[in-house]
Amino acid sequence: MNIKIKVIVGSTREGRFSEHAAAWIARLAAEKPGTDVELVDLRDYDMPFFDAAVTPSAKTEPYENEAVARFTAKVNEADGFIVVTPEYNHGPSAVLKNAFDWVSPEWNKKAVAFVSYGTVGGARAVEQLRLVAVELQMAPIRQSIQITGERFYPVKTGKASAN
């Protein structure tokens with residue numbers, strides 16, 4: 001039985017870098033024998049900002065919002081996650097944090113790794129997401145990949161070398 005890894009594209013911005021980093025990390029992860037890897041793009045899940053009367057950890061009935069229900073089902077399918085996150089103002093993107101907020105038991109007892117990017121490699125966004133992951137009873141791994149600005153700006157602008 002293969003392990004199911006979802007690579008979450010953590011930004012929905014126009015001209016985002018996360019789709020490049022997510023595709024790269026998904027290709028590398030898929031090379032591991034016994035691993036099924038799927039990209040999960042938050043652009044495909046138009047979830048409203050979390051506004052439910054009851055926390056997802058205490059929900060007793062299915063989500064009414066179709067996008068939230070689909071995203072929750074996708075999270076439930078996975079054995080683990082690789083989250084690709086930008087750093088905006090010393091934290092993760094709002095759309096990514098919102099995606100974490102909508103789901104609860106489906107995240108529980110699953111490993112999560114982080115790939116981040118930004119001026120300081122997105123390290124501050126990862127530190128905040130580790131706290132969220134622990135609250136959701138996930139198992140964040142210690143190491144992460146941080147891509148600094150001088151590495152991602154050329155890719156984002158189309159001026160990257162072949163190296």
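This report walks through one strand, one helix and a few salt bridges.

The model is predicted, so local features need pLDDT of at least 70 and side-chain atom pairs count only at pLDDT 80 or more, while totals for chains, interfaces and linings use all residues. Numbering starts from 1 along each chain as its sequence is written, and side-chain values use heavy atoms, with hydrogens and water left out. Helices (H or I, at least four residues) and strands (E, at least two) are DSSP runs, numbered from the N terminus.

**Strand β3**

Let's start with β3, where seven of seven residues are buried (under 20% relative accessible area with a 1.4 Å probe, protein chains only; exposed is over 50%, partly exposed in between). In a regular strand the side chains alternate between the two faces of the sheet. Here Gly-80, Ile-82, Val-84 and Pro-86 point one way, and Phe-81, Val-83 and Thr-85 the other.

β3 runs parallel to β1 (residues 3-9), joined by five bridges; pairing takes at least two DSSP bridges. It also pairs with β4 in the parallel sense, over seven bridges. Ile-82 stands opposite Val-7 on one pairing and opposite Ala-113 in β4 on the other. Add α3, and β3, α3 and β4 form a right-handed β-α-β unit (with the strands pointing away from the viewer, the path from the first strand over the helix to the second runs clockwise).

**Helix α4**

The 13 residues of α4 (123-135) should span 18 Å at 1.5 Å a residue (times one less than the number of residues), and the end C-alpha atoms are 19 Å apart, which agrees. Ala-125, Val-126, Leu-129, Arg-130, Val-132 and Ala-133 are its buried residues. They cover an arc of only 165 degrees around the axis (from the directions to the C-beta atoms), so they sit on the same side of α4. Leu-131, Val-134 and Glu-135 are exposed on the other side. The buried set packs (heavy atoms within 4.5 Å) against β3, α3, β4 and β5. Just after the helix, Gln-137 has a positive phi of about 60 degrees.

**Salt bridges**

There are twelve salt bridges (a Lys or Arg side-chain nitrogen within 4 Å of an Asp or Glu carboxyl oxygen). Three of them:

| Pair | N to O distance |
|---|---|
| Glu-38 and Lys-6 | 2.5 Å |
| Arg-16 and Glu-19 | 2.8 Å |
| Lys-59 and Glu-106 | 3.5 Å |

Lys-59 lies in the loop between β2 and α2 and Glu-106 in the loop between α3 and β4, so this pair ties together parts 47 residues apart in sequence. Lys-6 is buried at 6% relative accessible area, whereas Glu-38 is partly exposed at 29%. Both belong to a salt-bridge network with Lys-74 and Glu-77.
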